[in-house]
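Here is a short tour of one protein model. Keep the sequence and the 3D view open while reading.

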Amino acid sequence: MKARAPREVIAFAKENKTTVVDIKFLDFPGTWQHFSVPVSSLDEESFEEGFGFDGSSIRGWRSINESDMLVIPDPNTAIMDPFTKEPTLSIIGDIFDPITKERYSRDPRGVAHRAESYLVSTGIADKAFFGPEAEFFIFDDVRFDQRENAGYYYLDSQEASWNSGREEGPNLGYKPRFKEGYFPVPPTDSLQDLRSEMMLTLIDLGIGVETQHHEVATAGQAEIDMKYETLVRMGDQMMIYKYVIRNVAHANGKTATFMPKPIFNDNGSGMHVHMSLWKGDTPLFAGNSYAGLSELALNYIGGILKHAPALLAFTNPTTNSYKRLVPGFEAPVNLAYSQRNRSAAVRIPMYSPSPKAKRIEFRCPDATCNPYFTFAALMMAGLDGIENKIHPGEPLDKNIYDLPPEQMREIRKTPASLDHALTALEEDHEFLLKGDVFDEDVVKTWITYKREREIWELALRPHPYEFFLYYDA
């Protein structure tokens with residue numbers, strides 16, 4: 001996304017014969033919301049005065065008695081929406097209080113802006129780069145329901161291994177076996193063209209893409225990797241990414257989901273996050289310590305590992321997230337670091353000797369997260385490690401499956417559930433409050449929302465497998 005002045009956005013809209021302007025912003029859990037105005041409503045003053053809207057029905061936001069909000073479009077985010085019938089200019093906005101004219105504290109993008117400002121204020125670095133590797137499934141059919149007397153889900157995919165014996169008139173085979181989708185060529189990989197369409201659409205929108213491929217699981221698991229970007233910009237790009245993936249799939253009669261564990265007994269979908277700090281043109285993570293890291297990078301890892309249980313409340317924010325974080329499915333359940341061991345929560349990629357390529361990879365997150373909260377929280381944990389010189393301990397370079405039980409017990413593990421992660425966040429969030437990046441209201445609202453709207457609601461409902469276990473008890 002190129003930096004633009006408001007007048008340049010107006011010219012860009014005219015050049016593309018725009019008739020509609022779509023304003024997008026994020027609700028508290030992390031889903032895009034939007035409304036549209038005619039292009040005649042957009043002028044240079046719009047980028048200062050914003051557009052008023054009712055915030056009382058946005059999840060996790062204002063109550064009905066304080067509902068008026070302002071969204072001020074960011075000219076640097078202007079793109080042409082590739083999926084609308086009418087030529088539509090799409091702009092991401094920041095949320096402000098219409099009376100005080102201050103940023104709304106619960107706006108996730110505002111948290112990310114404050115995180116970038118805090119980084120500069122520390123003097124440690126002036127840029128934090130993030131490169132998420134988001135995985136997702138592409139299905140042909142999805143049905144689910146939950147009522148007082150019934151509850152079920154049903155997924156299907158033409159390339160699913162469970163359909164190898166289905167009558168398809170004719171069934172041509174070539175269906176990836178469970179855990180063997182990484183990565184055979186077509187016709188076994190049936191989604192090459194669809195993923196390429198997704199990739200090229202992202203590139204057309206100005207987003208750098210490094211690769212696209214089938215992922216490990218059967219039934220259409222996929223991954224498209226973006227080039228690294230700064231914190232706020234990558235938050236924006238993650239939202240555009242999910243929008244493109246879903247809409248390209250939908251336009252082709254398919255459905256895409258970022259749900260971490262939709263399929264039992266096969267690999268789930270994660271979002272490994274690559275991170276590095278820079279000061280000017282100097283990369284700060286390269287050095288002469290373990291795996292070519294600097295001491296600063298090791299301390300950053302130390303902060304991530306120390307605060308990992310609390311971080312997972314943001315990076316793995318759904319009850320379904322913890323069905324992925326279990327041993328045996330390449331899941332990073334060990335709170336340790338390593339240059340090659342992919343079961344460790346933090347990995348140091350060793351693909352390139354260049355100091356500019358030196359980074360760390362946090363492997364726990366999944367793409368159901370709110371990206372602005374996630375990237376900001378990860379950076380704050382890393383900075384806390386640097387400021388307090390937290391060393392991560394010894395690396396985990398051994399095959400964990402060969403370790404004796406007494407050594408396995410010494411390795412810290414990721415929380416077993418969202419509730420455990422939220423409890424960790426309750427007990428450990430001071431590092432998030434530095435520089436007023438997060439505040440107590442944001443943290444407490446996140447915890448309350450997740451417990452009341454997700455954990456408790458799920459706990460109230462019978463699970464289909466409970467009938468298998470207990471109906472005749």
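Two strands pair if DSSP finds at least two bridges between them. By that rule, β16 and strand β17 pair in the parallel sense, over three bridges. The model is a predicted one.

## Strands

Start with β16, which spans residues 334–338. This strand is mostly covered, with five of its five residues buried. In a regular strand the side chains alternate between the two faces of the sheet. In β16, Asn334, Ala336 and Ser338 point one way. Leu335 and Tyr337 point the other way. Both sets are buried. The partner strand, β17, covers residues 344–347. Ser338 of β16 has Arg347 of β17 as its bridge partner.

Now move to β1, residues 20–26. Is this strand enclosed or open? Six of its seven residues are buried, so β1 is largely enclosed by the rest of the structure.

β1 pairs with β6 and with β2, as the table shows.

| Pair | Partner residues | Sense | Bridges | Facing residues |
|---|---|---|---|---|
| β1 with β6 | 88–96 | parallel | five bridges | Ile23 opposite Ile91 |
| β1 with β2 | 32–38 | antiparallel | seven bridges | Asp22 opposite Ser36 |

β1 and β2 also form a hairpin. Five residues lie between the two strands. Gly30 sits in the turn and has a positive phi of about 130°.

## Helix packing

Helix α3 runs over residues 108–122. It packs against helix α5 and also against helix α8. Take α5 to begin with.

α5 covers residues 231–251. The axes of α3 and α5 are 8 Å apart, at an angle of about 155°. How are the two directions related? Angles over 145 degrees count as roughly antiparallel. α3 and α5 are therefore roughly antiparallel to each other. From α3, the contact uses Arg109, Ala112, His113, Ala115 and Glu116. From α5 come Leu231, Val232 and Asp236. By type, the contact residues of α3 with α5 are four nonpolar, one polar and three charged.

Helix α8 spans residues 371–387. Its axis lies 8 Å from that of α3, at an angle of about 25°. Angles under 35 degrees count as roughly parallel. α3 and α8 are therefore roughly parallel to each other. Their crossing is left-handed. On the α3 side, the contact is made by Pro108, Arg109, Val111, Ala112, Ala115, Tyr118, Leu119 and Thr122. On the α8 side, it is made by Tyr372, Phe373, Ala376, Met379, Met380, Leu383 and Glu387. These residues of the contact of α3 with α8 divide into 12 nonpolar, one polar and two charged.

The two contact lists share some α3 residues. Arg109, Ala112 and Ala115 appear in the contact with α5 and in the contact with α8.

## Backbone exceptions

Most residues other than glycine have a negative phi, and most peptide bonds are trans. Some places in this model depart from that pattern.

Look at the loop between β9 (151–156) and α4 (192–204), where Pro170 lies. The peptide bond from Gly169 to Pro170 is cis, with omega near 0°. Pro187 is in the loop between β9 and α4 too. The bond from Pro186 to Pro187 is cis, with omega near 10°.

Lys179 also belongs to the loop between β9 and α4. Its phi is positive, near 65°, though the residue is not glycine. Is Lys179 buried or exposed? Its relative accessible area is 38%, and so Lys179 is partly exposed.

Lys389 lies elsewhere, in the loop between α8 and α9 (405–408). Its phi is also positive, near 50°. Lys389 has 66% relative accessibility, so it counts as exposed.

## A buried serine

Last, find Ser46 in helix α2, residues 46–49. At 4% relative accessibility, Ser46 counts as buried, because buried means under 20%. What does Ser46 touch, leaving aside neighbours within four places in sequence? Its contacts are Ser41, Phe51, Ile72 and Pro73.

Methods: Residues are numbered from 1 along each chain as its sequence is written. This is a predicted model: local features need pLDDT of at least 70, side-chain atom pairs count only at pLDDT 80 or more; totals for chains, interfaces and linings use all residues. Side-chain values use heavy atoms; hydrogens and water are left out. Axes are lines fitted to C-alpha atoms, for helices over the stretch in contact, and angles run from 0 to 180 degrees between N-to-C directions. Helices (H or I, at least four residues) and strands (E, at least two) are DSSP runs, numbered from the N terminus. Angles under 35 degrees count as roughly parallel, over 145 as roughly antiparallel, 65 to 115 as roughly perpendicular and the rest as oblique. Contact means heavy atoms within 4.5 Å. Ala, Val, Leu, Ile, Met, Phe, Trp, Tyr, Cys and Pro count as nonpolar, Asp, Glu, Lys and Arg as charged, and the others, Gly among them, as polar. A crossing is left-handed if the near helix is turned anticlockwise from the far one by less than a right angle, and right-handed if clockwise. Buried means under 20% relative accessible area, exposed over 50%, partly exposed in between (1.4 Å probe, protein chains only).
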